[in-house]
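This briefing introduces a protein structure to a reader who has not met it before. Please look over the sequence and the structure before reading on.

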Amino acid sequence: MAERFPDGQIHVDLRGGGTGTPLDAARVLAEVLRQLGLRDEELPPAFTERKR
């Protein structure tokens with residue numbers, strides 16, 4: 001689907017479709033970056049740096 005979405009945006013439902021406590025955005029973002037191939041030592045330490 002990359003050809004349909006060239007800017008590569010990823011969306012995550014932090015509530016997971018439920019009404020419970022939302023997931024921690026920093027943790028979810030770190031997991032997404034890992035799934036995209038970054039190693040733990042490559043992850044920026046601050047949440048604001050991960051969003052760039």
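How many helices and how many strands does the protein chain have? The protein chain has two helices and zero strands. Its radius of gyration is 13 Å, well over the 10 Å that the globule rule gives for 52 residues, so the chain is more spread out than a compact globule. The model is a predicted one.

**Overall form and surface**

- The C-alpha trace of the protein chain spans about 30 × 30 × 15 Å along its principal axes.
- Of the 52 residues in the chain, 13% count as buried.
- About 4600 Å² of the protein chain is exposed, and carbon and sulfur atoms supply 52% of that area.
- The side chains of the protein chain include 8 positive and 9 negative ones, and the centres of these two sets lie 5 Å apart.

**Helix α1 and the residue after it**

- Helix α1 covers residues 25–35.
- Val 28, Leu 29, Ala 30, Val 32 and Leu 33 are buried in this helix.
- Two further residues of α1, Glu 31 and Arg 34, are three residues apart, about one turn of the helix.
- An α-helix has 3.6 residues a turn, so residues three or four places apart point the same way.
- Just after α1, Gly 37 takes a positive phi of about 115°.

**Salt bridges**

- How many salt bridges does a search of the whole structure find? The search finds four.
- One of them joins Glu 31 to Arg 34, with the closest N and O atoms 3.5 Å apart.
- Arg 34 also forms a salt bridge with Asp 40, where the closest N and O atoms are 2.4 Å apart.
- Glu 31, Arg 34 and Asp 40 are thereby linked in a network of salt bridges.
- Is Asp 40 buried or exposed? Asp 40 has a relative accessibility of 52% and, being over the 50% cut-off, counts as exposed.
- The other two members of the network fall in the range between buried and exposed: Glu 31 is partly exposed, with a relative accessible area of 36%, and Arg 34 is partly exposed at 35%.
- Elsewhere, the side chains of Glu 42 and Arg 39 meet in a salt bridge, at 3.9 Å from N to O.
- Glu 42 is partly exposed, with a relative accessible area of 39%.

**Nonpolar surface patch**

- Which residues form a nonpolar patch on the surface? The patch is formed by Ile 10, Val 12 and Leu 36, which together have about 280 Å² of accessible area.
- Ile 10 is found in the segment before α1, and Val 12 is found in that segment as well.
- Ile 10 is partly exposed, with a relative accessible area of 49%.
- Val 12 has a relative accessibility of 41% and counts as partly exposed.

**Relating the patch to the network**

- Ile 10 belongs to the nonpolar patch, while Asp 40 belongs to the salt-bridge network.
- The C-alpha atoms of Ile 10 and Asp 40 are separated by 20 Å, and the two residues are 30 residues apart along the chain.

Methods. Residues numbered from 1 in each chain as written. Predicted model: local features only at pLDDT ≥ 70, side-chain atom pairs only at ≥ 80, totals over all residues. Heavy atoms only, no water. Helix = DSSP H or I, 4+ residues; strand = E, 2+ residues; numbered from the N terminus. Rg over C-alpha atoms; globule rule 2.2 N^0.38 Å. Buried < 20%, exposed > 50% of the residue type's maximum accessible area, 1.4 Å probe, protein only. Areas by Shrake-Rupley, 256 points an atom, 1.4 Å probe, with all protein chains shown as cover. Lys, Arg positive; Asp, Glu negative; His and termini not counted. Charge placed at Lys NZ, Arg CZ, Asp CG, Glu CD. Patch = residues over 30% accessible without salt bridge, like charges linked within 9 Å, V, L, I, M, F, W, Y side chains within 5 Å.
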